[in-house]
Amino acid sequence: GSPEYTAWYHMMARCFKERNPQFQNYGGRGISVCKRWQESFENFLADMGRKPDPKLTLDRVDSTRDYGPENCRWVTRSIQNRHNAKQAHLQSEEVA
């Protein structure tokens, strides 16, 4: 499959397959995928487009919200890692 299909497939697995090793951090936390993207890969591709660069990964702008066209973007792994670390820090402050 294409890199975009792979991203879609892994997103779906993280959110819906309880045996996926990452499920606890996604579906297990209540993170889901918008209905339109659940319906088909074609809808996901129409909204996200092809990756401008094969090194980019799928990222949620707000990591507390679901996957959907208004909350997703293609980013480099380093931007995603910095973004995830910042989001985790903000969430830990909310709990404290």
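Which residues does Leu45 touch, not counting residues up to four places away in sequence? Hold that one for a moment while I set the scene.

Hi everyone. What you have in front of you is a predicted model. The protein chain has 96 residues, and buried ones make up 39% of them. As for secondary structure, we have four helices and two strands. If you read along the sequence, the pattern goes α-α-α-β-β-α. The accessible surface comes to about 6200 Å², and carbon and sulfur atoms account for 50% of that. One more number for the overall picture: take the contacts with a separation of 6 or more, and 48% of them are between residues 24 or more positions apart.

Okay, back to the opening question. Leu45 touches Glu4 and Arg50, once you leave out residues up to four places away. Leu45 itself is in helix 3. Its C-alpha atom is 8.1 Å from that of Tyr5, though the two residues are 40 apart along the chain.

So let's stay with helix 3, which covers residues 41-48. Which residues in helix 3 are buried? They are Phe41, Asn43, Phe44, Leu45 and Met48. Now, a general point about helices: with 3.6 residues a turn in an α-helix, residues three or four places apart point the same way. Keep that in mind as you look at the buried list, which includes Phe41, Phe44, Leu45 and Met48.

And what covers those buried residues? The cover includes helix 1 (3-16) and helix 2 (35-39), along with strand 1 (57-60) and strand 2 (72-75). Just after helix 3 comes Gly49, with a positive phi, near 75°.

Next, the aromatics. How many aromatic pairs does a search of the whole structure find? The search turns up eight. Let me pick out Tyr5 and Phe41, an edge-to-face pair with 5.2 Å centre to centre and 75° between the planes. That pair ties together distant parts of the chain, since Tyr5 is in helix 1 and Phe41 is in helix 3, 36 residues apart. The partners have their own burial labels: Tyr5 is partly exposed at 35% relative accessibility, whereas Phe41 is buried at 13%.

Zooming out a bit, ring pairs join Tyr5, Trp8, Tyr9, Trp37, Phe41, Phe44 and Trp74 into a cluster. Phe41 and Phe44 should sound familiar, as they are on the buried list for helix 3.

Rings also come up with charges. The charged end of Arg14 sits over the ring of Tyr26, 5.1 Å from its centre. Arg60 does likewise with Tyr67, where the distance to the ring centre is 4.9 Å.

Last topic: cysteines. How many disulfides are there? The count is zero. Take Cys15: the nearest cysteine sulfur belongs to Cys72 and is 9.4 Å away. Cys15 is buried too, with a relative accessible area of 5%.

Why is Cys72 not bonded to the closest cysteine, Cys34? The sulfurs of Cys72 and Cys34 are 7.9 Å apart, and that is too far for a bond, because a disulfide needs the two sulfur atoms within 2.5 Å. Cys72 is another buried residue, at 10% relative accessible area.

That's my tour. If you want somewhere to start looking, try Leu45 with Glu4 and Arg50, then move on to the Tyr5 and Phe41 pair. Thanks, everyone.

Notes: Residues numbered from 1 in each chain as written. Predicted model: local features only at pLDDT ≥ 70, side-chain atom pairs only at ≥ 80, totals over all residues. Heavy atoms only, no water. Buried < 20%, exposed > 50% of the residue type's maximum accessible area, 1.4 Å probe, protein only. Contact = heavy atoms within 4.5 Å. Phe/Tyr/Trp six-rings, centres within 6.5 Å; stacked < 30°, edge-to-face > 60°. Lys NZ or Arg CZ within 6 Å of the ring centre and 35° of its normal. Areas by Shrake-Rupley, 256 points an atom, 1.4 Å probe, with all protein chains shown as cover.
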